[in-house]
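Q: Please show me how to read contacts, burial and cores from a set of coordinates.

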Amino acid sequence: MKNFLLLLSLFAFSCTSQSGSAQGKLDPGAFEKGVAQSGAQIVDVRTPQEFGSGHLDGALNMDISAPKFAENIARLDKNKPVYVYCAVGGRSASASNYLVKQGFAKVYDLSGGISAWQRAGKKVVK
């Protein structure tokens, strides 16, 4: 019985340590619910021009290709959830991986980016 409990606890530990932090891709509906929560940090990693064409309400523009990207990310609270998106999902996936490596506790990526958000009929602001 002790061996079984030891194996079970090791398995549970290995499952949680592999992911490092809570990170995942969310569809537009789940992403919308997440960003509505108190304390959610919304990060748009597109260029300022893309951001200006329409973004999620409350989003911070932190262009992943900008020289100050790491400096901007460092201003976020590592203990609060971060919801990341881009145009279609490539840049936000890279940004999400970077955030996890920097020790952010909860990182969520909008699957399909703002394009999927808009196809789902979700609102953007300009």
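Q: Which residues is asparagine 61 in contact with, leaving aside its neighbours within four places in sequence?
A: Contact means heavy atoms within 4.5 Å. In this predicted model, asparagine 61 is in contact with Asp44, Arg46, Thr47, Pro48 and Phe51, its neighbours within four places in sequence left aside. Asparagine 61 and threonine 47 are 14 residues apart in sequence, with 7.7 Å from C-alpha to C-alpha.

Q: What lies 2.9 Å from a polar atom of the side chain of asparagine 61?
A: A polar contact is a pair of N or O atoms within 3.5 Å; within protein, one must be able to donate a hydrogen and the other to accept it, and residues adjacent in sequence count only if both atoms are side-chain atoms. Here the backbone oxygen of arginine 46 is at 2.9 Å, and that of aspartate 44 lies 3.3 Å from a polar atom of the same side chain.

Q: Why does asparagine 61 count as partly exposed?
A: Buried means under 20% relative accessible area, exposed over 50%, and partly exposed in between (1.4 Å probe, protein chains only). Asparagine 61 counts as partly exposed because its relative accessibility is 25%. Of the 126 residues of the protein chain, 36% count as buried.

Q: How is the model numbered and filtered?
A: Residues are numbered from 1 along each chain as its sequence is written. Local features need pLDDT of at least 70, side-chain atom pairs count only at pLDDT 80 or more, and totals for chains, interfaces and linings use all residues, while side-chain values use heavy atoms, with hydrogens and water left out.
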